Amino acid sequence: MPTATLAPSPWETAKTSLKQFFSEDVFKMWFEPLHCIELGEDTITLGVPNDFAAIWIQENYLDLISKHLSLAYGRELSITLQKAAPPQSAHAHRGHSDSAALLDGQGNARGSSGAVSGGRGVNDHAQTGTGFDRDASPRLGAAAPERRRPEATLNPRNTFDTLVVGANNQMAHAAAMAVAQAPAQAYNPLFLYGDTGLGKTHLMHAIGHAILQNRPDARVVYLSTERFTNEFIQALQENSLTKFRQRYRRASVLLLDDVQFLAGKERIQEEFFHTFNDLFESGKQIVLSSDRRASEIQQLEARLVSRFEWGLPADIQAPDYETRVAILRSKAATLKADVPHEVITFIAQRLSGNVRRLEGALIKVSSYAALTGRPLDIPTAEKLLQDVLIEQAQNLLTIDVIQKRVADHFQIRHSDMTSKRRPNNIAIPRQIAMFLSRKLTKHSLQDIGDAFGGRDHGTVIHACKAVDNMIEQDPSMRGSIEFLKTQLAR
Ligand SMILES: Nc1ncnc2c1ncn2[C@@H]1O[C@H](COP(=O)(O)OP(=O)(O)OP(=O)(O)O)[C@@H](O)[C@H]1O
């Protein structure tokens with residue numbers, strides 16, 4: 001048996017499963033520094049870096065942490081937060097597990113820890129989905145009856161109550177409600193699709209919660225396609241396909257996230273095809289999510305595409321301004337964060353598209369306010385969110401838009417951006433546009449050179465250096481460039 005990898009402790013497992021619910025920033029800020037100080041029969045003491053973190057976690061995340069801990073340890077644990085320096089090796093990833101493994105060596109936890117993964121290391125993909133069956137079954141004894149498991153793997157915050165409904169998700173929301181009220185009768189499968197961070201997972205979890213509320217004995221299974229894939233591969237390796245199949249085909253509701261990751265994986269598609277048929281034919285509800293329409297998923301077998309389109313495809317768009325304000329208000333209320341209205345509207349105006357990004361921005365400004373005790377105003381918010389604003393600009397801005405804006409500003413023709421003409425009144429704006437393309441987009445030097453009339457990447461490097469010099473030496477040029485940068489990052 002390959003046992004060289006240290007099995008993850010229940011504490012690590014809980015932390016890994018918590019990771020899927022938060023953006024990287026939020027996880028790093030609040031959860032990464034948490035460590036297990038002491039584990040008792042029905043208590044656990046977690047170390048937090050400071051008093052503020054203790055209050056924030058207590059107010060906002062304790063329920064969620066508690067759910068994941070009981071799942072990982074197989075028993076209810078009452079949590080105490082204590083200010084404490086992180087363990088010596090905490091900055092190194094391995095350090096966490098070593099220290100956790102040591103602590104878990106005391107008392108009951110060892111036994112349950114041993115059962116967590118049978119000697120396997122944590123799978124990196126586990127954080128993107130929680131197949132409750134595998135994750136929970138070895139650890140949950142009589143104290144934790146089976147039907148508690150799915151609830152614990154669904155984020156308790158992702159309910160219909162916490163979902164803000166706007167024109168962007170009205171239809172998907174209505175379809176999800178219909179499915180939750182009458183599983184396998186309304187739309188089967190329900191296929192939710194839309195860009196990243198727009199609430200597909202939220203809706204899937206909401207369906208799961210609602211079904212469990214009506215029918216607590218329902219077998220609701222939520223997992224990501226990555227997880228499905230990994231478990232299938234593992235089942236192949238361990239010769240346990242029958243068990244794998246039973247696990248998913250026994251579900252009364254299967255919620256499979258991110259099916260675009262089935263693309264190009266023939267064996268997994270074949271397996272899922274049979275899972276799908278089995279569930280569908282026995283009247284079980286299937287809900288799928290994807291970042292695009294089924295027909296737009298490359299290398300997805302036609303028979304799967306057609307099945308995915310049997311029921312109802314429902315798309316989710318980016319929320320409009322009013323919905324963004326409503327989402328931010330609702331999140332601020334949940335976080336018990338006192339964010340001034342003008343800052344809420346500022347964020348809603350400046351950040352569009354991804355709701356996860358909106359949420360991250362709100363947490364950033366509200367934790368700053370709570371940490372420093374300083375009042376929050378627009379200039380402060382703008383400063384705090386500079387990186388996010390630039391990142392958004394990088395995703396939305398095209399070189400063409402930069403060229404046009406810079407050309408307008410310096411009153412030259414757009415075509416001068418690509419021409420070979422070199423008088424200063426043209427060459428300098430062109431260099432500035434190259435510089436801004438480098439700063440505000442993710443294009444390579446070569447792409448930028450190509451977009452400026454087929455220049456080579458050395459020309460772009462030269463332009464960026466020249467503009468850096470101008471910024472340093474010429475205050476009026478610095479002003480113009482800053483102005484353009486702010487305008488473009490809007
Ligand atoms: N309409 C909404 N109301 C309230 N919260 C929302 C809404 N839409 C999205 N969110 C929140 O935004 C975050 C991102 O949503 P979610 O993870 O469901 O997106 P997703 O579409 O599944 O993204 P991905 O494709 O990246 O998995 C979650 O915290 C979710 O609760």
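These questions and replies cover a sheet and a helix pair in a predicted model.

Me: What makes β1 and β3 the edge strands of the sheet?
Reply: The open sheet has three strands, in the order β1-β2-β3. β1 (35–39) and β3 (78–83) each pair on one side only. That makes them the edges.

Me: How do you know that β1 and β2 pair, and in which sense?
Reply: Two strands pair if there are at least two bridges between them. β1 and β2 (residues 43–48) have four bridges, in the antiparallel sense. So they count as paired. One of the bridges joins E38 to T45 in β2. The pairing in the sheet as a whole is mixed.

Me: How are neighbouring strands of the sheet turned against each other?
Reply: By 30 degrees on average, direction ignored.

Me: Why are α15 and α16 called oblique to each other?
Reply: Helix α15 (residues 321–335) and helix α16 (residues 341–350) pack at an angle of about 135 degrees. Roughly perpendicular ends at 115, and roughly antiparallel starts over 145. The angle fits neither class, so the helices are oblique. Their axes are 9 Å apart, and α15 passes α16 in a right-handed crossing.

Me: Which residues make the contact of α15 with α16?
Reply: From α15 come Y321, R324, V325, L328, R329 and A332. They meet I344, T345, I347, A348 and Q349 in α16.

Me: What makes two residues of this contact count as charged?
Reply: Arg counts as charged, and R324 and R329 belong to the contact. The full division is seven nonpolar, two polar and two charged.

Note on methods: Residues are numbered from 1 along each chain as its sequence is written. This is a predicted model: local features need pLDDT of at least 70, side-chain atom pairs count only at pLDDT 80 or more; totals for chains, interfaces and linings use all residues. Helices (H or I, at least four residues) and strands (E, at least two) are DSSP runs, numbered from the N terminus. Axes are lines fitted to C-alpha atoms, for helices over the stretch in contact, and angles run from 0 to 180 degrees between N-to-C directions. Angles under 35 degrees count as roughly parallel, over 145 as roughly antiparallel, 65 to 115 as roughly perpendicular and the rest as oblique. A crossing is left-handed if the near helix is turned anticlockwise from the far one by less than a right angle, and right-handed if clockwise. Two residues are in contact if their C-beta atoms, placed from the backbone, lie within 7 Å.
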